[in-house]
Amino acid sequence: MTARITVCRGCCCGTERKHPDVDHDRQLDLLRARLATVKVADCLDACEVSNVVVVQPSPAARAAGAKPVWVGSILDDASLHGVADWVDAGGPGVAAPPPAIADLIVATPK
């Protein structure tokens, strides 16, 4: 099993109200076209970095100590494809995040 992602789409992430210039449905369609597992959460409680995606490590990487990584402000195609590229490369614990998202990684909310 490979890494998988959870996309926040409820309270403010993924809404026109907060990000009117982003086609949120298209983002989900693109992610689902590229990745086997895309879960949608109502709220991940990270509104300050909204349009957040959590990249979960594969089970093998998690067993080796890898943790989920939160990537905020996924607001354009470059960052969206960066997330998918990272998952394709193995995700946390297997591959380094690509440059398109390396600066978008945020601390895990408490």
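These exercises walk through the strands, cores and cavity of a predicted model.

**Exercise 1. Place strand E1 in its sheet.**
Which strands pair with E1, and in which sense?

*Solution.*
- Start with E3. E1 and E3 are antiparallel, with 4 bridges between them.
- Check the register. Thr6 faces Val54 of E3, and Val7 faces Val53 of E3.
- Turn to E2, residues 38-41. E1 and E2 run parallel and are joined by 4 bridges.
- Here Ile5 stands opposite Val38.
- Now ask about burial. Buried means under 20% relative accessible area. In E1, 4 of the 5 residues are buried, so the strand is largely enclosed by the rest of the structure.

**Exercise 2. Sort the side chains of strand E3.**
Which residues of E3 point one way, and which the other?

*Solution.*
- Recall the general pattern. Side chains of a regular strand alternate between the two faces of the sheet.
- Apply the pattern to E3. Val53 and Val55 point one way, while Val54 and Gln56 point the other way.
- Check both sets for burial. All of these residues are buried.
- Add the other partner. E3 pairs with E4 in the antiparallel sense, over 3 bridges. Val53 stands opposite Val71 of E4.

**Exercise 3. Trace the largest nonpolar core.**
How many residues does this core have, and which have the most contacts inside it?

*Solution.*
- Count first. The largest nonpolar core has 18 residues.
- Find its hubs. Ile5, Leu31 and Val55 have the most contacts inside it.
- Assign the sources. Strands E1 (4-8), E3 (53-56) and E4 (69-71) each supply at least two residues, as do helices H1 (24-34) and H3 (77-89).
- Name the top contributor. H3 gives the most, with 5 residues.
- Follow one hub. Beyond its neighbours within four places in sequence, Ile5 contacts a set of residues including Leu31, Leu35, Val38, Val55, Val83 and Val87. Thr37 and Lys39 are also among its contacts.
- Look for another core. A second, separate one has 9 residues, among them Cys8, Cys13, Ala41 and Val49.

**Exercise 4. Describe the cavity.**
How many cavities of 30 Å³ or more are there, and which residues line the largest?

*Solution.*
- Count with that cut-off. The result is 1 cavity of 30 Å³ or more.
- Give its volume. The largest cavity holds about 30 Å³ of space.
- List the lining. Val7, Arg9, Gln27, Leu31, Asn51, Val53, Ile74 and Leu80 line the largest cavity.
- Sort by class. The lining has 5 nonpolar, 2 polar and 1 charged residues.
- Link back to earlier steps. Leu31 lines this cavity and is a hub of the largest core. Val7 and Val53 also line the cavity, and they stand opposite each other in E1 and E3.

Technical notes. Residues are numbered from 1 along each chain as its sequence is written. This is a predicted model: local features need pLDDT of at least 70, side-chain atom pairs count only at pLDDT 80 or more; totals for chains, interfaces and linings use all residues. Side-chain values use heavy atoms; hydrogens and water are left out. A nonpolar core is a set of buried Ala, Val, Leu, Ile, Met, Phe, Trp, Tyr and Cys residues joined through side-chain atoms within 4.5 Å. Buried means under 20% relative accessible area, exposed over 50%, partly exposed in between (1.4 Å probe, protein chains only). Contact means heavy atoms within 4.5 Å. On a 1 Å grid over the protein atoms alone, a cavity is a set of points where a 1.4 Å probe fits but cannot get out, and a pocket is an open set with protein on both sides within 12 Å along at least five of seven lines; lining residues have an atom within 4 Å of a point. Grid points are joined across faces, edges and corners, and a volume is the space filled by probe spheres set on the points. Ala, Val, Leu, Ile, Met, Phe, Trp, Tyr, Cys and Pro count as nonpolar, Asp, Glu, Lys and Arg as charged, and the others, Gly among them, as polar. Two strands pair if DSSP finds at least two bridges between them.
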